[in-house]
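Biologist: Got a minute to walk me through this one? I'd like the overall picture before I get into details.
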Amino acid sequence: MSEQHQQPIDPAGTTQQFRAFAQRSDQEAAAEPKKSPLVPIIAVVAAILVIGVAAFLVLR
């Protein structure tokens, strides 16, 4: 049987990898466009108008 030689974990390498990951996540989050509430508001207003016109035509 051969013995497996385990190298000690380098905490500096782990920290550098974590920092790179954290910076990448921050940059990706900053790059995402912020969603505007304008589209859902317009959709709700349009739905209310369609329901109103349909109700008007039915009750006419």
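Modeller: Sure, let's go from the overall fold to one helix and its surface; keep in mind that this is a predicted model.

Biologist: How many helices and strands does the protein have?
Modeller: There are 2 helices and 0 strands.

Biologist: And what share of the residues is buried?
Modeller: Just 2% of the 60 residues in the protein count as buried. The exposed surface comes to about 6,300 Å², with 65% of that supplied by carbon and sulfur atoms.

Biologist: Switching topic: which residues does UniProt list as "transmembrane region"?
Modeller: Residues 38–59, and that comes from an unreviewed entry. In the model that stretch is 100% helix, and its end C-alpha atoms sit 32 Å apart.

Biologist: Which residues make the nonpolar surface patch?
Modeller: I41, V45 and L49 make it, and the patch covers about 280 Å².

Biologist: Take L49, then. Which helix is it in?
Modeller: L49 lies in helix α2, which spans residues 38–59.

Biologist: Is L49 buried or exposed?
Modeller: L49 is exposed, because its relative accessible area is 55% and the cut-off for exposed is over 50%.

Key: Residues numbered from 1 in each chain as written. Predicted model: local features only at pLDDT ≥ 70, side-chain atom pairs only at ≥ 80, totals over all residues. Heavy atoms only, no water. UniProt positions renumbered as here; feature names shortened; annotations may be inferred. Helix = DSSP H or I, 4+ residues; strand = E, 2+ residues; numbered from the N terminus. Buried < 20%, exposed > 50% of the residue type's maximum accessible area, 1.4 Å probe, protein only. Areas by Shrake-Rupley, 256 points an atom, 1.4 Å probe, with all protein chains shown as cover. Patch = residues over 30% accessible without salt bridge, like charges linked within 9 Å, V, L, I, M, F, W, Y side chains within 5 Å. Salt bridge = Lys/Arg side-chain N within 4 Å of Asp/Glu carboxyl O.
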